[in-house]
Amino acid sequence: MFAMSLPVSPWISGPFALSSSSSFSASSSFNLSGFHFSVSSGARVACRAHYASKDLKFVLHQALDDSGIHTAHAKVARDGFCSEIKKLSDIERETSICINRGVDLGKAALFIAAEDDSLISHSSVPLPVDSFIERLDDLSMDYCSHYSSAFRASPEVFLETLDRYLYVNKGFRRTNAKLSEPRALYLHSVLTHRSGSAALLSLIYSEILKMLRLWGLLDFDVEIFFPHDSHSLPRGYHKQKSKESDQPHIMTSQSLLVEMLNILKDAFWPFQHDNTKSLFLRAAHAANCIDRSNTATESGFELASAKAAQHRLERGVWTSVRFGDMRRALSACERLILLETDLTELRDYSILLYHSGFYEESLQYLKLYKDLESSSTERLVSKSPSNLEEDAVEKLMVRLNLILMEEGWGCSTYRSFLANNSEPW
């Protein structure tokens with residue numbers, strides 16, 4: 001297969017090429033035999049999809065490289081993230097973050113931050129992950145120096161002092177992830193500015209507990225209550241005194257990583273209009289893959305918002321979290337796919353590739369989603385797709401097939417479609 005040189009993309013500044021080593025060929029196929037579903041304890045369904053690295057090829061890093069934007073630091077950070085999530089056994093995935101020992105969640109979160117920092121800043125210097133790991137350790141040491149007497153107190157008093165240390169003395173506070181600036185969504189920034197999402201505050205809390213346990217200073221079982229409202233703070237509690245109602249508020253290693261990445265995916269999704277719809281439906285709406293006769297009457301504001309979003313993205317405006325950022329949305333989707341938790345991540349990644357002009361790759365991921373979904377007789381997917389979503393998937397599949405049937409769109413010959421992100425008709 002010949003290399004395919006392409007002009008400027010509205011998402012990625014500069015020309016780039018996709019070679020056979022980094023993209024799907026027209027005849028490439030996916031091995032579905034490696035995928036399986038498992039039901040974990042506690043009536044929680046875990047959707048797993050094991051595959052060899054050769055089976056899935058991601059677009060973002062290669063496209064940026066070929067446009068002249070070096071992604072060496074981003075690739076190192078992605079490799080670091082992958083090295084951590086490889087330690088996620090089925091048991092580890094369902095293990096509380098308070099007793100997790102297999103995966104360094106702090107490092108995983110910092111590798112996420114390091115990759116996105118490299119994608120946006122294009123800095124010649126990588127984010128100093130080790131320095132921020134030291135900051136996490138310093139928090140634990142500082143707590144010990146100020147509250148050494150708490151280790152001889154009751155579990156309730158100990159946890160009260162830890163809450164006071166973190167939220168009063170150190171001034172960590174929670175922000176609404178949907179309204180906050182990007183710096184509240186990354187661990188290194190939260191450690192610096194002391195303001196972040198409930199997921200990242202839970203991570204910091206658990207890292208302090210982990211260090212105290214390693215130093216032999218914690219001799220009782222602690223759990224972290226993860227709040228599902230928009231304002232409460234994560235707090236520790238004595239596990240022996242837990243109630244059944246606390247169970248939904250326990251954050252596991254897998255659920256914490258998924259929560260962090262979903263927050264990033266939602267914050268940087270390029271189509272921010274109509275928050276009542278799923279991310280996929282917003283993107284499908286912008287692609288005219290939804291039958292508007294089956295939806296409620298749209299307001300002029302919603303229509304204007306959708307047009308404005310599309311116009312901004314066609315001009316490559318992606319610098320604000322409120323307007324979306326295709327690069328960070330794609331990176332979040334790719335990492336969610338690597339976590340192997342939800343088949344719909346393949347579908348969501350596909351529609352972003354469609355909007356980016358990667359029609360062949362978009363079709364491959366969409367086919368993989370459909371094949372895996374249909375091959376699972378019990379439909380063990382964590383988020384069951386709605387009829388509207390499934391209809392949009394079918395329309396997108398038909399459109400992509402028509403695009404690739406056009407001469408030159410699905411083969412190695414060159415055609416300039418990324419310059420204006422237009423379709424062949």
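The following exercises, each with a worked solution, concern the predicted model shown above.

Residues are numbered from 1 along each chain as its sequence is written, and side-chain values use heavy atoms, with hydrogens and water left out. Because the model is predicted, local features need pLDDT of at least 70 and side-chain atom pairs count only at pLDDT 80 or more, whereas totals for chains, interfaces and linings use all residues.

**Exercise 1. Salt bridges between helices**

State how many salt bridges the structure holds, and describe the one between Arg78 and Glu115.

Solution.

Step 1. Begin with the principle: side chains of opposite charge can pair when their charged atoms come close. A salt bridge is a side-chain nitrogen of Lys or Arg within 4 Å of a carboxyl oxygen of Asp or Glu.

Step 2. By this criterion the structure holds 25 salt bridges. In one of them, the side chains of Arg78 and Glu115 meet at 2.7 Å, N to O.

Step 3. Locate the partners. Helices (H or I, at least four residues) and strands (E, at least two) are DSSP runs, numbered from the N terminus. Arg78 belongs to helix H2 (residues 72-85) and Glu115 to helix H4 (residues 105-121), so the pair ties together parts that are 37 residues apart in sequence.

Step 4. Assess the burial. Buried means under 20% relative accessible area, exposed over 50%, and partly exposed in between (1.4 Å probe, protein chains only). Arg78 is buried, because its relative accessible area is 7%. Glu115 is buried as well, with a value of 0%.

Step 5. Place the pair in its setting: Arg78 and Glu115 are linked with Asp116, Glu334 and Arg335 in a network of salt bridges.

**Exercise 2. Two further salt bridges**

Determine where the partners lie in the pairs Asp229 and Arg174 and Lys210 and Glu207.

Solution.

Step 1. The side chains of Asp229 and Arg174 form a salt bridge at 3.4 Å, N to O. This pair links distant parts of the chain, with Asp229 in the loop between S7 and S8 and Arg174 in strand S5 (residues 173-174), 55 residues apart. Asp229 counts as partly exposed, because its relative accessibility is 30%.

Step 2. Lys210 and Glu207 form a salt bridge at 3.1 Å, N to O. Both are in helix H8, three residues apart, so they are separated by about one helical turn. Glu207 has 8% relative accessibility and therefore counts as buried.

**Exercise 3. A buried acidic residue**

Which side chain of opposite charge is nearest to Asp246, and how far away is it?

Solution.

Step 1. Asp246 is located in the loop between strand S8 (235-238) and helix H9 (253-268).

Step 2. For charge, Lys and Arg count as positive and Asp and Glu as negative, while His and the chain ends are not counted. The nearest side chain of opposite charge is that of Lys243, 4.0 Å away; Asp246 is buried yet has no salt bridge.

Step 3. Consider the backbone too: the side chain of Asp246 reaches the backbone nitrogen of Lys243 at 2.9 Å.

**Exercise 4. Positive phi angles**

Describe the surroundings of Arg194, Glu340 and Asn288.

Solution.

Step 1. Recall the usual case: most residues other than glycine have a negative phi.

Step 2. Arg194, although not a glycine, has a positive phi of about 60 degrees. Its position is the loop between helix H7 (187-193) and strand S6 (195-196). With 31% relative accessibility, Arg194 counts as partly exposed.

Step 3. Glu340 also has a positive phi, near 60 degrees. This residue sits in the loop between helix H12 (326-339) and helix H13 (344-356). Glu340 counts as buried, because its relative accessibility is 13%.

Step 4. Asn288, just after H10, takes a positive phi of about 60 degrees.

**Exercise 5. Covered parts of the chain**

How many residues of helix H10 are buried, and is Leu396 buried or exposed?

Solution.

Step 1. Helix H10 (residues 279-286) is mostly covered, with seven of its eight residues buried. Among them are Phe280, Arg282 and His285.

Step 2. Leu396 is part of helix H15 (residues 387-405). Its relative accessibility is 0%, so Leu396 counts as buried.

Step 3. Compare positions in sequence and in space: Leu396 and Ile290 are 106 residues apart along the chain, and their C-alpha atoms are separated by 9.3 Å.

Conventions. Polar contact = N/O pair within 3.5 Å; in protein donor to acceptor, adjacent residues only side chain to side chain.
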